[in-house]
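Subject: Handover of a structure and summary of findings

Dear colleague,

Please find below the structure that I am handing over to you. A summary of what was found in it follows directly after.

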Amino acid sequence: RMCPLGWLSVASLCLGTLWAVPAQERRKAEKPKADLTLYENLDLDNYDLTLDNYGEILDLSNYEELYDYGDLAPKIEVGTLAPRPKDSKSLPDLGETTAGTPKPQPPSGAGPVPPAPIPGQGLPSCLLCLCLGTSVYCDDADLEHIPALPPDTTYLYARFNRIGAVRAGDFTGLEKLRRIDLSSNSISWADADAFRLLPSLQELLLPENRLTALPELPRSIVRLDARLNRIPSAGLRPEAFRDLKQLQFLHLSDNQLDFIPVPLPESLRSLHLQNNNIQTMHEDTFCDSQDHGQIRRALEDIRLDGNPINLSLFPNAFFCLPRLPTGRF
């Protein structure tokens, strides 16, 4: 028989078990309500992430300070350059290509390989000379003939070489060529058409050569300098300068001329014929003897000194000039 006190303990234990399950289920049902209450308090209407408020919502000013990058391995990107090695022995052999395949070598016994042409130029003149823009500089380059020039060449300087002749094809197609300077070479002859077909040529400089005749000149020529050559009067074509309507400077000093090459164009400003063999002149050499009102203002520099001519014997030859020629009177 159980005492009344024992029955009381058993009854309390049963009642506690019956109440435990509903309480646990009750707590599970109440927990979501508490979480939802937290979300209801959030103001999501003002949380639109745009470019205007990006910096206000997310503060990244001290992000790098909070994050430790020290543990990360350095990232290698494809296409970046490797650092230059300190040891020069570790540099790759230039005789090999980037893929590791050796460059083809010439067979044994073959001659030296000629230099490869420069991309975009590929012309001998830009390998032997200096090409800057449209100017070609070949001074003191030990040339024996004029090299092939780029088609857009405007100025050519080939002074102090050993060029012996100027051929008709040396300047073919060079329609932009304005100046040719062949001073101090060994040119003894030039083809008749070596310069005539150059439509833009304005300056032809041929001093200190061995020319015995002048080639035909283009009508665009402004300055001709053929000093210190061996040109006699027979080396000039008859009326060689009549049709050169733009010629301003004609310098033929220190040659072997016997007379002044007339007629001279009205455009002429400077005529240098000193140190030749000129002994006489005609009254119409500079002025029209029939037009005493003529004034030839442009021609103000005439040099005839160093010639065996007495200029005072030809007073009517200078009346239209602004200045008397330089020479012996």
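I begin with the largest pocket, whose lining is formed by Arg 196, Glu 216, Leu 217, Pro 218, Arg 219, Arg 237, Glu 239, Ala 240, Arg 242, Asp 243 and Leu 244. Please note that the model is a predicted one. The space in this pocket comes to about 160 Å³. By class, its lining consists of 7 charged and 4 nonpolar residues, with no polar ones.

A search for cavities of 30 Å³ or more gave a count of 1. The largest cavity holds about 50 Å³ of space. Its lining is made up of Leu 214, Pro 215, Glu 216, Leu 217, Gly 235, Leu 236, Arg 237, Ala 240 and Phe 241. Of these lining residues, 6 are nonpolar, 2 are charged and 1 is polar. Glu 216, Leu 217, Arg 237 and Ala 240 appear in the lining of the cavity and also in that of the largest pocket.

The chain as a whole

The chain has 329 residues, of which 31% are buried. Its secondary structure consists of 11 strands and 4 helices. Among contacts with a separation of 6 or more, 40% join residues that are 24 or more positions apart.

The nonpolar core

The largest nonpolar core comprises 57 residues, and Phe 171, Phe 241 and Phe 286 have the most contacts inside it. Phe 241 is also one of the residues that line the largest cavity. Leaving out residues up to four places away in sequence, Phe 171 is in contact with Ile 146, Leu 149, Leu 156, Val 166, Leu 177, Ile 180, Ala 194, Phe 195 and Leu 198.

One of these partners, Phe 195, deserves a paragraph of its own. Phe 195 sits in the loop between strand S6 (189-190) and strand S7 (203-205). Its relative accessible area is 0%, and Phe 195 is therefore classed as buried. Apart from neighbours within four places in sequence, Phe 195 touches Val 166, Phe 171, Ile 180, Ala 190, Leu 201, Leu 204, Pro 215, Glu 216 and Pro 218. Among these contacts, Glu 216 and Pro 218 also belong to the lining of the largest pocket. The C-alpha atom of Phe 195 is 9.9 Å from that of Ile 221, a residue 26 positions away along the chain.

The loop between S10 and S11

Several of the findings concern the loop between strand S10 (270-272) and strand S11 (301-303), where Arg 296 is placed. Is Arg 296 buried or exposed? Arg 296 counts as buried because its relative accessibility is 4%. Its side chain comes to 3.1 Å from the backbone oxygen of Leu 264. Residues up to four places away in sequence aside, Arg 296 is in contact with Leu 264, Pro 265, Glu 266, Phe 286, Cys 320, Leu 321 and Pro 322. Phe 286, in this list, is one of the three core residues named above.

Thr 285 belongs to the loop between S10 and S11. With a relative accessible area of 7%, Thr 285 is buried. A polar atom of its side chain lies 2.6 Å from the backbone oxygen of His 282. Beyond four places in sequence, Thr 285 touches Ile 260, Val 262 and Leu 264. Leu 264 is thus named as a contact of Thr 285 and of Arg 296.

Backbone geometry

Most peptide bonds are trans, and most residues other than glycine have a negative phi. The peptide bond between Val 262 and Pro 263 is cis, with an omega of about -5°. Pro 263 is found in the loop between strand S9 (249-251) and S10.

Two residues other than glycine may be noted for a positive phi. For Asp 140, phi is near 50°. This residue lies in the loop between strand S2 (135-137) and strand S3 (155-157), and Asp 140 is exposed at a relative accessible area of 63%. For Asn 275, phi is about 60°. Asn 275 is located in the loop between S10 and S11 and is partly exposed, its relative accessible area being 39%.

Yours sincerely

Notes: Residues numbered from 1 in each chain as written. Predicted model: local features only at pLDDT ≥ 70, side-chain atom pairs only at ≥ 80, totals over all residues. Heavy atoms only, no water. Buried < 20%, exposed > 50% of the residue type's maximum accessible area, 1.4 Å probe, protein only. Polar contact = N/O pair within 3.5 Å; in protein donor to acceptor, adjacent residues only side chain to side chain. Contact = heavy atoms within 4.5 Å. Core = buried A, V, L, I, M, F, W, Y, C linked by side-chain atoms within 4.5 Å. 1 Å grid on protein atoms, 1.4 Å probe; cavity = no way out; pocket = protein on both sides within 12 Å on 5 of 7 lines; lining within 4 Å. Points joined across faces, edges and corners; volume = space filled by probe spheres on them. Nonpolar A, V, L, I, M, F, W, Y, C, P; charged D, E, K, R; others polar.
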